[in-house]
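Here are my notes on the model you asked me to look over, set out as numbered points. I begin with a pocket and its lining, and then turn to the helices and strands.

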Amino acid sequence: MTSSPVSNQSYLTLNDGNRIPQLGIGVYLVPDGEPTEAAVSQALRQGYRHIDTAHAYQNERSVGRAVKASSLERSEVWITTKLWPSEYGEGTTAAAIDRMLERLDSDYIDLLLLHQQFGDYTGAWRDMERAVAAGTVRSIGVSNFESSNLEDLLGRATIKPSVNQVECHPYFPQDELREHLAPYGTLIESWYPLGHGDSGLLNEPLFASLGAAYGKTPAQVILRWHIQRGNIIFPKSSNHEHIAANMDIFDFALTAQEMQEVARLASGRRFYTLSLADQEKRLGAWAPED
């Protein structure tokens, strides 16, 4: 097997012309304070330039402190964050963006997403478009929009979503959604890029075989598959060794045949399976603190 030369990071161009680092670190479920600050600081030292957080994660302040404490210019670090449905609606969303900027201690947000597809998302989108015009937000997109609500928003939006952040991994590669979004230039961002750490996925013989051939772990092979598929990924970790290993995927490349072999693993299996009604009921009963 041979691999083509690759760098230690890759970038994709969004439909608005902004360039986004394709690999980042996620801080979902990483506690606020020292754990988040340490994870982000370590990631930045390892060469990460993309951090994915959210108001619902309750650790935006820690992300902002870690970025400020680094030796990097703010323009070198891409910050993605997300609005919760309780913050949706014209006026309400504008005020929420101001509070988000304060929590992050930043003059702008690189990528702002609607976290869930419930509530007054159209009113929120109008305020997000105004924030882009004002320069306080660079790019806007959605997360978990996989129903008719996606069609509704696409039909109303002046600025089309730059990304749709959804569950995506070799068992559930989101081929239909990718094809549907292609005319809008909307890219797939993957949460659960490693299938929520599923042992079945990580222990697939194919990934063990490819890992042995390239001197990589199965997890690194899966992350490399995402990169070559054109997905934006941000595996979550607060373990310094895992943070370093997740970045070490740019010195090899899977062949076209190997990519096809991975494609045959698609089974339609998802790891987050709540119905839309159950999701709306569960998510609508909670709002993050400021």
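1. In this predicted model, the second largest pocket is lined by Gly64, Val67, Lys68, Leu72, Glu73, Arg74, Ile79, Leu104, Asp105, Ser106, Asp107 and Tyr108. Its volume comes to about 160 Å³, and the element that gives the most to the lining of this second largest pocket is helix H2, residues 60–69, with three residues. Sorted by class, the lining of the second largest pocket holds five nonpolar, two polar and five charged residues.

2. The largest pocket, for its part, has a volume of about 1300 Å³. Its lining is made up of 48 residues, and those that lie nearest the centre of the largest pocket are Tyr28, Tyr57, Trp191, Tyr192 and His196. The elements that give two or more residues to this lining are strand S9 (187–191), helix H9 (218–229), helix H10 (240–247) and helix H12 (276–284); of these, H12 gives the most, with four residues.

3. As to the chemical character of the lining of the largest pocket, its residues divide into 22 nonpolar, 20 polar and six charged. For anyone reading the two linings side by side, the counts to set against these are the five nonpolar, two polar and five charged residues of the second largest pocket.

4. Helix H11, residues 256–263, deserves a look of its own: which of its residues are buried? They are Glu258, Met259 and Val262, and because they cover an arc of only 105 degrees around the axis, they lie on the same side of H11. The general background is that an α-helix has 3.6 residues a turn, so residues three or four places apart point the same way.

5. The other face of H11, the one turned away from its buried side, carries the exposed residues Ala256, Gln257 and Gln260. What covers the buried residues of H11 includes helix H8 (205–214) and H9, and H9 is also among the elements that give two or more residues to the lining of the largest pocket.

6. Strand S7, residues 137–143, is mostly covered, since six of its seven residues are buried. Strand S6, residues 109–114, is joined to S7 by five bridges, and the two strands run parallel. Within this pairing, Leu114 has Val142 of S7 as its bridge partner, which is a convenient pair to find when tracing the two strands on the display.

Definitions and conventions
Residues numbered from 1 in each chain as written. Predicted model: local features only at pLDDT ≥ 70, side-chain atom pairs only at ≥ 80, totals over all residues. Heavy atoms only, no water. 1 Å grid on protein atoms, 1.4 Å probe; cavity = no way out; pocket = protein on both sides within 12 Å on 5 of 7 lines; lining within 4 Å. Points joined across faces, edges and corners; volume = space filled by probe spheres on them. Nonpolar A, V, L, I, M, F, W, Y, C, P; charged D, E, K, R; others polar. Buried < 20%, exposed > 50% of the residue type's maximum accessible area, 1.4 Å probe, protein only. Arc of directions from axis to C-beta. Contact = heavy atoms within 4.5 Å. Pairing = 2+ DSSP bridges.
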